[in-house]
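Hi everyone, thanks for coming. I'd like to walk you through a structure that will be new to most of you, so let's put it up on the screen.

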Amino acid sequence: MEAREIIRKDMEALYLGNLNTVEFNLNLPKKGKYGSEIHWISGHERFLDTEGNVRRPAYGTGDRIISLWAEFFYKGVSETKEYKVCILEEKPKIEVTKVEPLQKKAQAGETTYLPYVAVIHTTEGKTLVHRILWENGAKRCYGQTGEFEERGELDGLSVPVSCTVTVEKELRKEKKGTEPLIEYFDHGEASLEEGSRFYTAQKEMQEFLLQTDDDQMLYNFREACGLDRKGAEPMTGWDAPECNLKGHTTGHYLSGLALCYKAGKDGRIREKACYMIRELGKCQDAFACMPGIGEGFLSGYTEEQFDKLEKYTPYPDIWAPYYTLHKILAGLLDCYEFAGIDQAFEVAQKLGMWVYRRLSSRWNSG
């Protein structure tokens with residue numbers, strides 16, 4: 001057989017199992033049945049490496065579809081085949097002791113939705129919110145008044161959940177006053193008394209911020225725009241590399257630094273804020289040099305999340321890109337207002353213009 005025919009037969013013979021619901025490691029052979037050498041390339045080694053080791057996404061972050069490429073080589077001839085691998089998120093490791101009762105009011109003849117989550121209590125003494133899977137989905141429209149009992153279960157836990165829906169002929173709408181009850185002041189008009197519990201908590205937060213690794217807070221931004229990560233460890237939790245909220249914690253961190261400096265005027269805190277702003281400015285400049293990225297863009301990922309949003313891509317392939325962007329913008333503006341860092345306003349202004357240009361172009365084209 002010719003080399004290309006051997007490669008083709010090896011491609012046909014290679015079976016990796018059911019790739020639609022992957023929970024365990026894959027067997028990725030290095031040699032084909034008819035003699036081809038096989039090299040593997042993964043589209044996301046954090047979840048699936050070239051040895052076939054699988055790392056499932058944390059519960060709540062959604063399944064991941066990863067591209068896996070097999071390169072077949074035989075006597076100077078090569079061909080590549082792509083496989084789509086769906087890696088299932090981890091099952092929740094929660095023991096529920098109690099589910100808080102759920103109640104809802106609805107209007108007859110109007111579409112309504114059952115609660116998306118329930119408040120639960122665990123054996124570890126934690127109070128959490130957990131996603132609900134309702135029988136026949138969450139959408140409802142009741143044709144008559146009365147009380148209805150809807151049933152479902154906690155996602156991944158098989159714990160039963162019920163919701164009492166009271167359907168009325170017409171729901172009364174509450175009228176609320178619009179006069180402000182308090183006035184805002186936040187520019188140093190008040191300070192905490194030394195020795196108080198609040199002052200102690202403030203000092204503890206200051207020490208926490210001083211110990212926080214700035215380069216780790218910059219990890220996702222540098223990774224997304226191609227800059228050196230300076231040996232920092234990846235973020236964890238909602239800002240882990242596999243999470244599509246990454247970047248928002250960094251925005252909170254900027255706000256924390258700014259507010260801490262405003263309260264205590266510790267120069268070390270301001271130095272950290274200045275470093276963060278300088279480095280984010282470099283990330284913004286690096287993004288501007290990347291193909292397909294608009295000027296002024298800044299985030300812990302590329303514009304892909306915003307592209308998916310405009311195509312109505314559902315969760316978990318998309319999370320909340322503008323929510324994340326708001327946290328970053330808020331942090332930048334806080335650093336400008338409370339720490340007096342002029343560059344923070346410049347970076348925020350460029351980012352704001354990116355938002356304006358993007359939304360304006362979509363609005364005008366629609």
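**Starting from the core**

The largest nonpolar core here has 41 residues, and the ones with the most contacts inside it are Leu 298, Leu 332, Cys 335, Ile 341 and Leu 351. Which elements give two or more residues to this core? They are α4 (219-225), α5 (248-264), α6, α8 (321-339) and α9 (342-365). Helix α6 gives the largest share, nine residues. Before I go on, please keep in mind that this is a predicted model.

Let's look at one of those well-connected residues, Cys 335. If you leave aside the neighbours within four places in sequence, Cys 335 is in contact with Leu 254, Ala 258, Ala 273, Ile 277, Gly 340, Ile 341 and Ala 344. There's also another core lying apart from the one Cys 335 belongs to; that other core has 24 residues, among them Ala 3, Ile 7, Leu 16 and Trp 40. As a general point, nonpolar side chains in soluble globular proteins tend to be buried together.

**Polar residues on the inside**

Now for some polar company. Gln 284 sits in helix α6. Is Gln 284 buried or exposed? Its relative accessible area is 3%, and the cut-off for buried is under 20%, so Gln 284 counts as buried. Not counting residues up to four places away, Gln 284 touches Gly 296, Phe 297, Leu 298, Val 347, Lys 350 and Leu 351. You've met Leu 298 and Leu 351 already, in the list of residues with the most contacts inside the largest core.

A bit further along is Glu 303, in the loop between α6 (267-288) and α7 (304-310). Glu 303 is buried too, with a relative accessible area of 8%. Beyond its close sequence neighbours, within four places, Glu 303 is in contact with Gly 292, Ile 293, Gly 294, Phe 297, Trp 354 and Arg 358. What does the side chain of Glu 303 do with the side chain of Arg 358? The two make a polar contact, at 2.4 Å. And if you're tracing the chain, the C-alpha atoms of Glu 303 and Ala 224 are 9.9 Å apart, although 79 residues separate them along the chain.

**Salt bridges**

How many salt bridges does a search of the whole structure find? The count is 25. I'll show you three.

The one between Lys 30 and Glu 51 has its closest N and O atoms 3.5 Å apart. This pair links distant parts of the chain: Lys 30 is in the loop between α1 (3-13) and β1 (37-42), while Glu 51 is in the loop between β1 and β2 (64-74), 21 residues apart. Lys 30 is partly exposed, at 41% relative accessible area.

Next, Glu 150 and Arg 140 meet through their side chains, 3.2 Å from N to O. Glu 150 belongs to strand β10 (residues 146-154) and Arg 140 to strand β9 (residues 139-141), ten residues apart. Both of these residues, Glu 150 and Arg 140, are buried.

Then we're back in α6, where Glu 279 and Lys 282 form a salt bridge at 3.0 Å, N to O. They are three residues apart in the helix, so about one helical turn separates them. Glu 279 counts as buried at 7% relative accessibility, whereas Lys 282 counts as partly exposed at 45%. Salt bridges that share partners join Asp 215, Arg 222, Glu 279 and Lys 282 into one network.

**The sheet**

Last stop: six strands form an open sheet, in the order β4-β7-β8-β10-β11-β5, with mixed pairing. The edge strands are β4 (96-99) and β5 (102-107), each pairing on one side only.

At one edge, β4 pairs with β7 in the antiparallel sense over three bridges, and Val 96 stands opposite Thr 122. Five bridges then join β7 to β8 (residues 127-134), again antiparallel, and Ala 118 faces His 130 there. These two strands, β7 and β8, form a hairpin with four residues between them; in the turn, Gly 125 has a positive phi of about 85 degrees.

Where do the side chains of β7 point? Ala 118, Ile 120 and Thr 122 point to one face and are buried, while Val 117, Val 119 and His 121 point to the other and are not.

At the other edge, β5 pairs with β11 (residues 160-168) in the parallel sense, over six bridges. There, the bridge partner of Ala 106 is Val 167.

Key:
Residues numbered from 1 in each chain as written. Predicted model: local features only at pLDDT ≥ 70, side-chain atom pairs only at ≥ 80, totals over all residues. Heavy atoms only, no water. Pairing = 2+ DSSP bridges. Buried < 20%, exposed > 50% of the residue type's maximum accessible area, 1.4 Å probe, protein only. Contact = heavy atoms within 4.5 Å. Polar contact = N/O pair within 3.5 Å; in protein donor to acceptor, adjacent residues only side chain to side chain. Core = buried A, V, L, I, M, F, W, Y, C linked by side-chain atoms within 4.5 Å. Salt bridge = Lys/Arg side-chain N within 4 Å of Asp/Glu carboxyl O.
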